[in-house]
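Q: Could we go through this structure together, feature by feature, so that I learn how each one is read?

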Amino acid sequence: MRSKLVLKRMLRNPQARYGLLALALLLLLAYIGPLFGPHDWTEKDFLAFMEPPSGDHWWGTTQIGQDVYAVTLRGMQKSIIIGFLVALVSTGLAALVGATAGYLGGWADRALMWVTDLLLVLPSFLIIAIISPRLKGGSWLWFVVLLAVFSWMITSRMVRSMTLSLREREFVLAARYMGIPAWKIILRHVVPNISSLLIIDATLNVSAAIIGEAALSFFGFGIQPPDVSLGTLIADGSAKAIGYPWLFAFPAGLLVLLVLSVNLVGDGLRDALDPGSNQ
Amino acid sequence: MGVYLFRRLISNVLLVAIAASMAYFLAATSLNPRFKYEGRQPPVAEAVVDATLEQYNLNDKTPVFQRYVTWVSGVATGDLGRTWDGKPVNAELGRRVGVSLRLLFIGTLVGAAVGVSVGAYAAVKQYRISDRLIGVGAFVIMAIPVFVLATLLTIAAAGLNDALGFSLLEYTGEYNPALSGWDQVTSRLNHLILPTISLSLGQIAYYSRIQRNMMLDVLGQDFIRTARAKGLSRRDALFKHALRTSLVPVATYFAFSFGTMLTGAVFTEKIFGWHGMGAWLVESIQSHDVNSVAAVSLFAAVCVLFAGFLSDLIVSAIDPRVRVS
């Protein structure tokens, strides 16, 4: 019932409507778009290097003759997958760690919060930058894990403080006195009660992860060639952006649109789930 | 209070030590400075490479723990070691911090000042056209990553220079070394324009959002109405009562962001060709420079903790409630 109400409230918000629409169109473009393109992303056209957009190559070609349309959409698929996976893992981690620390209290709380503080202090950019290019042969999933490991800490602190007040509520006490084990109480009673925070957080994490991926790939620390993502494409394009703007404009434009639409949805969700907030 | 501060200091020093040590071990085990000597023509004898690396404490044949101990004893006496080609890291660090400070000082100040004013203005004009425009603008700017923004600025500057036929706006480097005296000063200022815009635009958007929310919270409170009711002019009520109170959270954020920015302006520095701390982080990883990587990480960790300290100080300076409790 509540989910229906939230959905209704969200669709009433024009911002969220446009955001959802734009996100749906971008997803369609990324996954259905390549089927209609005249070229495959691995194809190299040796008769067209650095060509501006034309009828055959819709968005132009790169210096090794790749079709920018096909390559960009392929990179966008990767960026989208990375964004969603990182958000899922990082929000899940934040919920588990925060709720466990808050519910158990005592030394478990202190230990978990110390780890959280430590991860906040560690130079995450440096660690990901050093480790991820060296996971040769290892799949890009390791990169997802690395990005997620360094992005859950602040949310988990918020989850913890909410859990501290939930812990004293009647339904949690009742469950505890019935002898239900702690892990079950955390998963069944604590986490569902902070779900609105988690949903909002996960949405905003998607855009943060997409930007984070692009930022690391910009310096060659993220997705490794021959695989492409929006970040690697923007890095290649920005070096030549002044003479060959199409190399930069399409991946950068799609990245901004993607982030913008995810943020719009996130904002709409926040308004729908938490009408009291004025963010 | 003293005990609390002392305990906090101890735990902070501990966190810095752990962060820097982890960075050192990570860099020392996975980066390979030997690689910089191996591919040379004519080839360098292995014994020579070993001796050189040994001299700089970079030899991967020495156990990593032994190298770590040498590094720590150096750091304890204030010596951060040598870069891969034998230059002292301390000198490089000093130079780069200077570059970053010259770039960031104006950028963060402009970002915070403009952001706060824009946000406060939007709050006063809530739901009017100008408020909505500011809101939409901030939302769009926050969705543009800084590397896209910086590249867009360079494209725009190149286009403008082309159209004018001479270079009005510079977009690479810190200054033109061929110039001297006043010309160099103007050249420096010219080189600052684009990086400052690229640094501060995102901050303006962010600050304006926080400031608007805080200001709206404050504007609805009783003490503002009281101030107006006792005959204070609208402007005085807004500036002396509302703005000051709503500045507290923004000031915290400002102190914190300045500390993290010192090593965080990676993209702006790289794209506009400034050789500051952020650029060094990327360059030292790419050139397998173990001691520089460790130095940047140590510096960054110190900055983060110092920034946290600074933000506490600022808050207690402008918020009387904190001093009481």
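**Reading a helix pair**

A: Let us begin in chain B, where helix 10 of chain B and helix 13 of chain B are roughly antiparallel to each other. This is a predicted model, and what follows is to be read in that light.

Q: What are the axis distance and the crossing angle for helix 10 of chain B and helix 13 of chain B?

A: Two packed helices are described by the angle between their axes and the distance between the axes. Here the axes of helix 10 (residues 234-261) of chain B and helix 13 (residues 290-318) of chain B come within 8 Å and cross at roughly 160 degrees. Because angles over 145 degrees count as roughly antiparallel, the pair is therefore placed in that class. The crossing of helix 10 of chain B past helix 13 of chain B is right-handed.

Q: Which residues make the contact between helix 10 of chain B and helix 13 of chain B?

A: Helix 10 of chain B contributes Leu247(B), Val248(B), Ala251(B), Thr252(B), Ala255(B), Phe256(B), Phe258(B), Gly259(B) and Thr260(B). From helix 13 of chain B come, among others, Cys303(B), Val304(B), Phe306(B), Ala307(B) and Gly308(B), and the list also includes Ile314(B), Val315(B) and Ile318(B). Sorted by class, this contact has 14 nonpolar and five polar residues, with no charged residues.

Q: How is the packing of helix 4 of chain A with helix 7 of chain A described?

A: The general idea is again an angle and a distance between axes. Helix 4 of chain A and helix 7 (residues 153-166) of chain A pack at an angle of about 150 degrees, and their axes are 9 Å apart. That makes helix 4 of chain A roughly antiparallel to helix 7 of chain A, and the crossing is left-handed. The residues in contact are Thr116(A), Leu119(A) and Leu120(A) of helix 4 of chain A, together with Met153(A), Ser156(A) and Arg157(A) of helix 7 of chain A. By class, the contact of these two helices of chain A has three nonpolar, two polar and one charged residues.

Q: How many helices and strands does each chain have?

A: Chain A comes to twelve helices and zero strands, while the secondary structure of chain B comes to 14 helices and zero strands. The C-alpha atoms of chain A fill a box of roughly 75 × 45 × 30 Å along the principal axes, and those of chain B fill one of roughly 85 × 65 × 40 Å.

Q: What share of each chain is buried, and what share of the contacts joins residues at least 24 apart in sequence?

A: For chain A, buried residues make up 44% of the 279 residues; for chain B, they make up 37% of the 325 residues. Among contacts between residues at least 6 apart in sequence, 67% in chain A join residues at least 24 apart, and in chain B the figure is 72%.

Q: Is helix 11 of chain A mostly covered or mostly uncovered, and what covers its buried residues?

A: Helix 11 (residues 230-239) of chain A is mostly covered, with eight of its ten residues buried. The buried residues are Leu230(A), Gly231(A), Thr232(A), Leu233(A), Ile234(A), Ala235(A), Gly237(A) and Ser238(A). Their cover includes helix 3 (68-104), helix 10 (195-218) and helix 12 (245-273) of chain A, and it also includes helix 7 (146-164) of chain B.

Q: How many residues does each chain bring to the contact?

A: The size of an interface is often given as the accessible area lost when the parts come together. In residue counts, the contact takes 29 residues from chain A and 30 residues from chain B. On the side of chain A that touches chain B, the elements giving two or more residues are helix 4 (106-121), helix 5 (124-131), helix 10, helix 11 and helix 12 of chain A. Helix 12 of chain A gives the most to that side, with eight residues. The residues of that side of chain A divide into 23 nonpolar, four polar and two charged.

Q: Where in each chain is the mean pLDDT lowest, and where is it highest?

A: Chain A averages a pLDDT of 85, with 96% of the residues scoring at least 70; among its elements, helix 1 (residues 2-12) of chain A has the lowest mean (80) and helix 8 (residues 170-177) of chain A the highest (92). Chain B has a mean pLDDT of 85, and 98% of its residues reach 70 or more. Among the elements of chain B, the lowest mean belongs to helix 14 (residues 320-324) of chain B (64) and the highest to helix 6 (residues 129-142) of chain B (91). The model as a whole scores ipTM 0.84 and pTM 0.85.

Definitions and conventions
Residues are numbered from 1 along each chain as its sequence is written. Chains are lettered from A and ligands numbered from 1 in the order in which they are written. This is a predicted model: local features need pLDDT of at least 70, side-chain atom pairs count only at pLDDT 80 or more; totals for chains, interfaces and linings use all residues. A residue is buried if 20 or more other C-beta atoms lie within 10 Å of its own, exposed if 12 or fewer, and partly exposed in between; C-beta atoms are placed from the backbone. Helices (H or I, at least four residues) and strands (E, at least two) are DSSP runs, numbered from the N terminus. Two residues are in contact if their C-beta atoms, placed from the backbone, lie within 7 Å. Ala, Val, Leu, Ile, Met, Phe, Trp, Tyr, Cys and Pro count as nonpolar, Asp, Glu, Lys and Arg as charged, and the others, Gly among them, as polar. Axes are lines fitted to C-alpha atoms, for helices over the stretch in contact, and angles run from 0 to 180 degrees between N-to-C directions. Angles under 35 degrees count as roughly parallel, over 145 as roughly antiparallel, 65 to 115 as roughly perpendicular and the rest as oblique. A crossing is left-handed if the near helix is turned anticlockwise from the far one by less than a right angle, and right-handed if clockwise. pLDDT is the predictor's confidence in each residue, from 0 to 100.
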